[in-house]
Amino acid sequence: MDILDFAVYVAPPYVVAAFAFGATYRLLKYIFLWKRGPGPEPRKRGAGSLVKGLIMTFLNPIIESIRRKPHDFITGLVMLHILGVIPLIFLLDQHIAAFAYWFPPYALLAPLAIPLSFTTSALTVAAPFKPVSEMQWGFVNTIWGPLTVFLNGDVLAVLAMLGVAYKIGDKIVRRAHGLTHVRIGDFFDLGLLFTILLFGFMAAHHLPSGDIVTYRTVLGIHIVLAELLVALLPFTKFWHFVFGFWYGKLHEWYDLKYKRGVAE
Amino acid sequence: MNGVNWETYDEALVKEAAKSVVGHIDPVMMHYIENCVSCAACETACPYYAVGEEYGPVNKAENLRKLVRSEVAILPRIFPWLFHSHVPKDAEELNKWAEMAYRCTNCGLCYVTCPFGIHSGEMIKLVRGFLTKTGRVPTVLKAMIDMEVSGTYSGIKGFMDLWQSVLKEAEKAIGKELPLDKKGAEYVYLPSLAEAMITPEAIVSSIKILDKLGLNWTMPSDPMSIRAPVGALAGDGEAAAAVVKRIYNYLKEIGPRYVVMSDGGYPYTTYRFDLPRIVGEKPPFKVVHFVELILELVEAGKAKIIQGDEEVTWHSPCKMGRFAGLIEEPAKLLSMASKNFRKLESHGLFSRCCGGGNSIACIVLPTMQFLGKLTGTTMQVSDEEMNFLKKLEHDMYIASKGKIDEIRKSKAKIVASACVGCIHTIRLSSRVHGLDVSVVNIVEVLADKIEKA
Ligand code: SF4
Ligand code: SF4
């Protein structure tokens, strides 16, 4: 059994168990700390104002980021999140295939699949015929069409790696300035993410060499590290994506827009 | 009056204070502590970021995380140097923490800017509470808290003479005796000693409005507080609760349907939103600001406003706007009151903070000197605290410059607002930044223009 076999056939149940344990622990803390008590009468605002308030609660940080920190918006939000890790993780064709192997309904996302490499994308646009595949679905036959020239694993992985590199650089500068809000976990998390992206990119390009042992090792490392990220997710800042973001914004909406009646 | 000692360090006290802060964590605070990704998106929103990048919200709030990690997290307790988990180790570090904690107005701009809805200001408030327990609290703030909790402010001649003179002025304005402490009144007007000191005209104008509208009203004969609850400004929840409960009992005795306030700063949000939590029951009355009361009567056709042409603008106090939802209501009233009303550039949810809230403008040297003159006392502060106060005043003027600039840009001659802290800050800062503007409470603009319909 090599590392790839371990990653695909052995590790998943342990990863799920670690995630479930961590997530339960973190959620239970909130429940145990909850204290019931009388609250104020909310300021009455119409349903329209509350719905608009909900949308704006999620949009305001993006608008403020564009206004106040455009460099962070481009690198952190656009490159790292919107174009980087979110489509890469959930829509990369190979990822959909892998996730569907573990969880078959995930295959429903197949029509949204993003091809792995720039070459495949270029062929989608330039080739005079449609590629034929005997697999469950056609790898490049997705709704994205010519957009795949941009929406492909190569381009998005490079963008995501640049975004992560920017974040790491920013944190190093902040540390050098003596700011203490930069935590050791930030470097660990960003380092882990960068390594996962790098090994994924290398596996996709059969780097550093094309022999099968190297390929399986590089791909195995990519998957094992991704599994490590999932197992550690409830204990790291990656938790923001599962819980922190949603809880935080919904609480803010409840507090400011619903209870206090801030209308936008 | 003897000052607080800023030179000593008591390890046992520091540890005890850290434990007590951890005991105050609720699920929302837990979210603030745990779910920050350190992206620093919040920092440029903060008025004190202009002073230096170390005063960005996340960096200031990190002190609470250090403290909590040192108390409850497992790995950080084993490797404190790796995880930044510790309480201040000496007097110097304690003072540094105080410097950071008193560079926050609790304006909430970080809260609405953070992609995760993290209110660093509320975390910094807990750090202030920790510092207060260790003995690091500005002398003047401590004096105000002590006087408010014990009620000894009413034994200070300067305070009571001032209070009485404001009431006399109001009596003169309405031409009749004030209906003080009248049981069964429908409206209780609740001003504070701070309003008598900083915005006495606001009290007179409020009384004029109540009288003009022919309402069945009353007000306390005693100011009841310095500016309740002052304890909240030092993160002292117990002191704050004690004062609020005392005032609540007075209000219950009167039995009004409405409690009306002219101060739209933290006293208003405390009574409007925090009262049920503090007193443990739903109050039998509604708490409203004059803006709500007047607008409701005007919209119901029971009152009208005569329009003038003053060049007036509205500075939205963070508490009344972002934290109480009264953003457009004051602007609506002011546009009825003057055809030359104009909004400030940042009007809205992201209205710029004045830079002096959360006690800052009330503890700096000019305010201390003013209080000293009024009470006939001199407050002794240690050299360390004096340095802290001087630097704080300097930084406050930097933090408030953005506000002054936007007022200047509006070309308004009058700035209407509703918070004692905001009005005091803008007055101090406009002088420093060379802006000639009159800063008043909105009730002062409305009092002569309002009529019973
Ligand atoms: S914006 Fe929110 S998540 Fe980002 S550093 Fe500030 S408090 Fe933390
Ligand atoms: S509450 Fe206001 S002053 Fe305090 S940290 Fe947040 S933005 Fe800065």
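How much area is buried between chain B and chain A, and what share of that area do carbon and sulfur atoms give? In this predicted model, the area buried between chain B and chain A is about 4500 Å², with 53% given by carbon and sulfur atoms. The legends below describe close-up views of this interface and of selected sites in both chains.

**Figure 1. The interface between chain B and chain A.** The side of chain B that buries area against chain A is led by B:Pro27, B:Ser38 and B:Phe273, which lose the most area and together account for 12% of what that side buries. In terms of contacts, 49 residues of chain A meet 56 residues of chain B. Seven salt bridges are counted between the two chains, along with 30 residue pairs in polar contact, both residues being at pLDDT 80 or more. Helix H2 (27-34), helix H3 (57-72), helix H5 (80-83), helix H7 (109-113) and helix H14 (266-279) of chain B are the elements that each give two or more residues to the side touching chain A. Sorted by class, that side of chain B comprises 28 nonpolar, 12 polar and 16 charged residues.

**Figure 2. A salt bridge across the interface.** B:Glu34 and A:Arg26 form a salt bridge, and their closest N and O atoms are 3.0 Å apart. As a general point, side chains of opposite charge can pair when their charged atoms come close.

**Figure 3. Chain A as a whole.** Chain A contains nine helices and zero strands, and its elements follow the order α-α-α-α-α-α-α-α-α from the N terminus on. Along the principal axes, the C-alpha atoms of chain A fill a box of roughly 65 × 45 × 40 Å. Of the 264 residues in chain A, 41% are buried. Among the contacts in chain A with a separation of 6 or more, 71% join residues 24 or more positions apart. The area exposed by chain A is about 14000 Å², and carbon and sulfur atoms supply 76% of it.

**Figure 4. Surroundings of B:Thr113 in helix H7 of chain B.** B:Thr113 counts as buried because its relative accessibility is 2%. Beyond its neighbours within four places in sequence, B:Thr113 is in contact with residues of both chains: A:Pro61 and A:Glu64 on one side, and B:Ala41, B:Cys42, B:Ala45 and B:Phe350 within its own chain.

**Figure 5. Surroundings of A:Lys249 in helix H9 (residues 239-259) of chain A.** Is A:Lys249 buried or exposed? With a relative accessibility of 0%, A:Lys249 counts as buried. Not counting residues up to four places away in sequence, A:Lys249 touches A:Thr57, A:Phe58 and A:Pro61 in chain A, and B:Val112, B:Cys114, B:Pro115, B:Phe116 and B:Gly117 in chain B.

**Figure 6. Two sites with contrasting accessibility.** A:Ala126 is placed in helix H5 (residues 118-126) of chain A and counts as exposed, because its relative accessibility is 63%. From C-alpha to C-alpha, A:Ala126 and A:Gly53 are 46 Å apart in space, with their positions 73 residues apart in sequence. B:Met224, by contrast, is found in the loop between strand S2 (217-218) and helix H13 (237-254) of chain B, and at 10% relative accessibility it counts as buried. Leaving aside neighbours within four places in sequence, B:Met224 is in contact with B:Tyr153, B:Arg246, B:Ile247 and B:Tyr250. B:Met224 and B:Glu292 are 68 residues apart in sequence and 23 Å apart in space, C-alpha to C-alpha.

**Figure 7. Salt bridges within helices.** The structure holds 45 salt bridges over all chains. In helix H9 of chain A, A:Lys259 and A:Asp255 lie four residues apart, about one turn of the helix; their closest N and O atoms are 3.6 Å apart in a salt bridge, and both residues are buried. In helix H1 (residues 11-22) of chain B, B:Lys15 and B:Glu11 are likewise four residues apart, and the closest N and O atoms of their salt bridge are 2.9 Å apart. B:Lys15 is partly exposed, with a relative accessible area of 43%, and B:Glu11 counts as partly exposed at 46%.

**Figure 8. A salt bridge in helix H20 and a network joining both chains.** B:Lys403 and B:Glu406 lie three residues apart in helix H20 (residues 401-410) of chain B, about one turn of the helix. The two residues form a salt bridge with closest N and O atoms 2.9 Å apart, and both are buried. Elsewhere, salt bridges that share partners join A:Lys69, A:Asp72, A:Asp170, A:Arg174 and B:Glu43 into one network.

Key:
Residues are numbered from 1 along each chain as its sequence is written. Chains are lettered from A and ligands numbered from 1 in the order in which they are written. This is a predicted model: local features need pLDDT of at least 70, side-chain atom pairs count only at pLDDT 80 or more; totals for chains, interfaces and linings use all residues. Side-chain values use heavy atoms; hydrogens and water are left out. Contact means heavy atoms within 4.5 Å. Buried area is the accessible area (1.4 Å probe) that two parts lose on being put together, summed over both. A salt bridge is a side-chain nitrogen of Lys or Arg within 4 Å of a carboxyl oxygen of Asp or Glu. A polar contact is a pair of N or O atoms within 3.5 Å; within protein, one must be able to donate a hydrogen and the other to accept it, and residues adjacent in sequence count only if both atoms are side-chain atoms. Ala, Val, Leu, Ile, Met, Phe, Trp, Tyr, Cys and Pro count as nonpolar, Asp, Glu, Lys and Arg as charged, and the others, Gly among them, as polar. Buried means under 20% relative accessible area, exposed over 50%, partly exposed in between (1.4 Å probe, protein chains only). Accessible areas come from the Shrake-Rupley method with a 1.4 Å probe; for residues, only the protein chains shown count as cover.
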